[in-house]
Amino acid sequence: MKGKLLVIGFGPGSEEHITKRARTALQESDMIIGYKTYVDLIEGLLNGQEIISTGMTEEVSRAQEAVRQAELGKKVAVISSGDAGVYGMAGLVYEVLVEKGWKQDTGVEVEVIPGISAINSCASLLGAPVMHDACTISLSDHLTPWSLIEQRIEAAAQADFVIALYNPMSGRRTRQIVEAQRILLKYRSPETPVGLVKSAYRDRQSITRTTLEDMMNHEIGMLTTVLIGNSSTFYYDDLMITPRGYQRKYTLSQKEQPLKPHQRLKKEAEPWALEQVTNTSSRAIADEALQLILGENTKQTEYIQQPIQSIFEVSVSPGVANKKFTPKQMMTLAEIVGEDGSMEYTQDHHIKLQVPTTNPDQVVAELEKVGFLLAPVGDVLTLKACDFCEGEKKDSIPYAESLQARLGGMELPKEMKIGFNGCGMACFGAVREDIGIVFRKGAFDLFLGGKTIGRNAHSGQIVAEGISPDEIVELVDRIVQEYKEKGHPNERFHKFFKRVKNVCGFEFQDVSPSLKIELAPCGD
Ligand code: SF4
């Protein structure tokens, strides 16, 4: 009768973190073979099996004995902590079998039962540091040449992986972790978060949150796993968190904002995707990392913090009243946007830019230098003024500029537009905006709750006429503040006005047209 090898990863060590299959596999086996400490950890789950436990460096003899016993017809459980396939016994068992010419069809049956590896258990105790590409590197140079380990650290550091260092230190191996830190500091900020987790989910568990620069000032030992963040990893309230990357979109007022669901997976949101990379910088980094692994290039690189490219979104216009661009401004736009960015003329007489950049502040400085008025993009307030008959009807321009200075770019529950027109012609359509302001006979008319788009688009409700110029800015400010404070997320201003019925003392009246849909002549 053929036996069976059950190669079991039993996770970090606590019973709650052992999988159901690992438990049943232990119980259905005739014999347990493992390192003494590991056998002690699972002894409570056994029901009288024969136990063969050996010392730490006797993995090969354990694997050989397990194969021998299975060939005698026994069900043999070979145990590893963590995952049996990650620095565990699975590979070694297969190596022994291969050596003997074993075949799956004819030889003893083998089942590898996965468990929670240290990178996962330690990450869960630290927060969420492994949310992006990550790797594990064992610093044990007993079976692997140090020169190869060194190259792997160098490549992983350069490629911005989150790194879990296994076997970082022991009584005799003390230099390896120091060397690893030295290599990592060439590529990562000294402030990079580092988590040290000892005996995760076991009795003597300890967790230390530190930085790459400071990590050697803490206890690191055989039972420690060292988790090193990538260039985006941060600490928040003692939690180590690596963002997944979706936040890489910046706008002027909101330094970081997540991509909305409909924006994700679009080409313009992913200028770094392989199909879209027109320069070779990312490829060059990958090639260099590969060369390091292959040992063709051992050049020492100076410390570089990997810059994070983001899409910087901003809207620009020549001014509140001015609608004329200068040649210099157009040339600057072309240079900043380049081949990889985009610019779009909007209904608000702005140009919306999307610029892949590692330095949004520099983009802002260059745009301001040529006299652009900058405004954020998103759920913010936009002032949409007319051109005041190319500046001839200029009396109300200072009030438009005051509103822009005070409210332009303010974050709100939903995007909001203030239309501002310099005479009763209102030819730039102010009355259709969320808030409409029309200067007429030396005073202002105020419209609230216009709806520019949709089948029931309509003008705003005229709520006041003849508002004194001294009062208009304050009054509009109060209306906007009330909306900011009481509006629901994503609630447009016209819906807000309809819901609350009264804004700053102005009563809501339904001015939306009631639609009567005529039947088509054919009757359908
Ligand atoms: S709204 Fe009046 S001031 Fe403004 S552009 Fe039209 S006509 Fe000129």
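Here are four short exercises on this predicted model, each with a worked solution.

**Exercise 1.** Work out which strands stand at the edges of the open sheet of 5 strands, and why one side of each is left without a neighbour.

*Solution.*
- Step 1: Start with the strand order, which is β19-β20-β21-β22-β23, with mixed pairing.
- Step 2: Look at the two ends of that order. β19 (381-385) and β23 (461-467) each have a single partner strand, so one side of each has no neighbour in the sheet.
- Step 3: Now follow the sheet across. From one strand to the next, the twist averages 15°.

**Exercise 2.** Find out how β19 is joined to β20, and which helix packs on the sheet.

*Solution.*
- Step 1: Go to β20, residues 416-421. This strand runs parallel to β19, and 5 bridges join the two.
- Step 2: Pick out one pair as a check: Ala385 is opposite Phe420 of β20.
- Step 3: Look for what lies against the sheet. That's helix α12 (residues 469-486), which touches β19, β20, β21 (435-440), β22 (443-448) and β23.
- Step 4: Compare directions. The direction of α12 makes about 15° with that of β22.

**Exercise 3.** Trace the partners of strand β2 (residues 31-35), then decide whether Ser80 is buried or exposed.

*Solution.*
- Step 1: See how well β2 is covered. Mostly, it turns out: 5 of its 5 residues are buried.
- Step 2: Take β3 (residues 50-54), which runs parallel to β2 and is joined to it by 5 bridges. Here Tyr35 sits opposite Thr54.
- Step 3: Add the helix. Together, β2, helix α2 (residues 36-42) and β3 form a right-handed β-α-β unit.
- Step 4: Turn to β4 (residues 75-80), again parallel to β2, this time with 3 bridges. Ile33 has Val78 as its bridge partner there.
- Step 5: Find Ser80, which belongs to β4. Its relative accessible area is 4%, and buried means under 20%, so Ser80 counts as buried.
- Step 6: Check what surrounds Ser80. Leaving aside neighbours within four places in sequence, its contacts are Ile8, Gly9, Phe10, Tyr38, Gly88 and Met89.

**Exercise 4.** List the residues that surround the ligand and say how they divide into nonpolar, polar and charged.

*Solution.*
- Step 1: Collect the residues around the ligand: Cys386, Asp387, Phe388, Cys389, Lys393, Asn421, Gly422, Cys423, Met425, Ala426, Cys427 and Phe428.
- Step 2: Sort them by type. You get 8 nonpolar, 2 polar and 2 charged.
- Step 3: Spot the charged pair, Asp387 and Lys393. Asn421 and Gly422 go in the polar group.

Conventions. Residues numbered from 1 in each chain as written. Predicted model: local features only at pLDDT ≥ 70, side-chain atom pairs only at ≥ 80, totals over all residues. Heavy atoms only, no water. Pairing = 2+ DSSP bridges. Helix = DSSP H or I, 4+ residues; strand = E, 2+ residues; numbered from the N terminus. Axes fitted to C-alpha atoms, helices over the stretch in contact; angles between N-to-C directions. Contact = heavy atoms within 4.5 Å. Buried < 20%, exposed > 50% of the residue type's maximum accessible area, 1.4 Å probe, protein only. Right-handed = clockwise from strand over helix to strand, strands pointing away. Near = heavy atom within 4 Å.
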